[in-house]
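Here is a short set of exercises on helix packing and salt bridges. Have a look at the model, try each task, and then compare your steps with the worked solution.

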Amino acid sequence: MDHLVEVIIGREVNAQLAFQIPDSTIEEMQRFRDSGGQLDGQLSQLIDQHVGPDRRAKMDNHLDQKTKFLRQRGVLTDHERDVLDRLHEYRNAAYHRDTLEPDLIADLVLAYRVLADELLARHKPIAWVMASSDPAPIVTPHQLQGRLTEGVDIDLTSMARRFHDHATKRVQAVSTAVAIAQQLLGSKSSGETAAAPPDDDMARMLTGLSDTAKHLAPWTRQAEGLKSKTSSLTGLMVPFLNLDRALSRIEPSVKRLDMIQDWWEQRRIDDLRGK
């Protein structure tokens, strides 16, 4: 699905760049203008909007550069670009690094299918030629709408509920880690620590977790609000992604604390067994 989206996005970029003036001509016009020559507004606009070789090279290598360009050209909306870029990052996390939560993958794949179907339906290639002896009519991209989601029950209410459940579980995990961090730091009920903690990696991690307490209530409200985001896929995904970004910054410390607790527990068990 990710590869299909990259192909569609790449073809849309090519369609936008297909008819731009060659680089050499743009350079001559630029030198003429810089030397004081007068160009009409349309030619000046062509110079200013020209996509040079450096930017084209960046777009060739990075999906986010392609989506940025297409947003500037009005092919993608801000929300579509945001969701596409993040879904691509999720794919890399699952495929290259195996760092994505397994129970989230199925929901993200479904969201990707819906978005890819929408992109394919409105894709307008420069040319659509099929070398085939089959006399059947040629199928154009817009006629493929619904093929990627055929046989799939696209229920936004159900999707919103699943993303809500996932986000709520993550917020609860952070909340639990914050409570443990405050306990280990010797926090008072007022939120102040009983004494200044030592300045080491462990103490800094615990302090960072403890300081996250002020964000728990807003994060909980954001997670709860996902259940009502049922008007569109992007309307659901954008607030989920915003919450995901916030949680992703603290979750490495949550996981590290969990690993340390497991290590402490194993040491305690080993001591009880006389090892």
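**Exercise 1: a pair within one helix**

Arg204 counts as partly exposed because its relative accessibility is 44%; the cut-offs are under 20% for buried, over 50% for exposed and partly exposed in between, with a 1.4 Å probe and protein chains only. Before you start, note that this is a predicted model, where local features need pLDDT of at least 70 and side-chain atom pairs count only at pLDDT 80 or more, while totals for chains, interfaces and linings use all residues. Residues are numbered from 1 along each chain as its sequence is written, and side-chain values use heavy atoms, with hydrogens and water left out.

Task: find which side chain meets Arg204 in a salt bridge.

Solution.
- Step 1. Look for a side-chain nitrogen of Lys or Arg within 4 Å of a carboxyl oxygen of Asp or Glu, which is the definition of a salt bridge.
- Step 2. The partner is Asp201, with N to O at 2.6 Å.
- Step 3. Asp201 and Arg204 are three residues apart in helix H9, so about one helical turn separates them. Helices here are DSSP runs (H or I, at least four residues), numbered from the N terminus.
- Step 4. Asp201 is partly exposed too, at 48% relative accessibility.

**Exercise 2: a buried pair**

Task: locate the salt bridge between Asp244 and Arg86 and say whether these residues are buried or exposed.

Solution.
- Step 1. The N to O distance between the two side chains is 2.4 Å.
- Step 2. Arg86 belongs to helix H6 (residues 78-97) and Asp244 to helix H11 (residues 233-272), so the bridge ties together parts 158 residues apart in sequence.
- Step 3. Asp244 and Arg86 are both buried.
- Step 4. Widen the view: a network of salt bridges links Arg86, Glu89, Arg170, Asp244 and Glu251. In total, the structure holds 15 salt bridges.

**Exercise 3: H8 against H9**

Task: describe how helix H8 (residues 156-185) packs on helix H9 (residues 201-211).

Solution.
- Step 1. Two packed helices are described by the angle between their axes and the distance between the axes.
- Step 2. For H8 and H9 the angle is about 125° and the axes are 8 Å apart. Axes are lines fitted to C-alpha atoms, for helices over the stretch in contact, and angles run from 0 to 180 degrees between N-to-C directions.
- Step 3. That angle makes H8 oblique to H9; under 35 degrees counts as roughly parallel, over 145 as roughly antiparallel, 65 to 115 as roughly perpendicular and the rest as oblique.
- Step 4. List the contacts (heavy atoms within 4.5 Å): Ala177, Val178, Ala181, Gln182, Leu184 and Leu185 in H8 meet Leu206, Thr207, Leu209 and Ser210 in H9.
- Step 5. By class, the contact of H8 with H9 has seven nonpolar, three polar and no charged residues. Ala, Val, Leu, Ile, Met, Phe, Trp, Tyr, Cys and Pro count as nonpolar, Asp, Glu, Lys and Arg as charged, and the others, Gly among them, as polar.

**Exercise 4: H8 against H10**

Task: work out how H8 is oriented to helix H10 (residues 213-225).

Solution.
- Step 1. The axes of H8 and H10 cross at roughly 165° and come within 9 Å.
- Step 2. H8 is therefore roughly antiparallel to H10.
- Step 3. The contact of H8 with H10 divides into eight nonpolar residues, five polar and one charged.
- Step 4. Among the H10 residues in this contact is Glu224, which also forms a salt bridge with Lys227, at 2.8 Å between the closest N and O atoms.

Note on methods. Helices (H or I, at least four residues) and strands (E, at least two) are DSSP runs, numbered from the N terminus.
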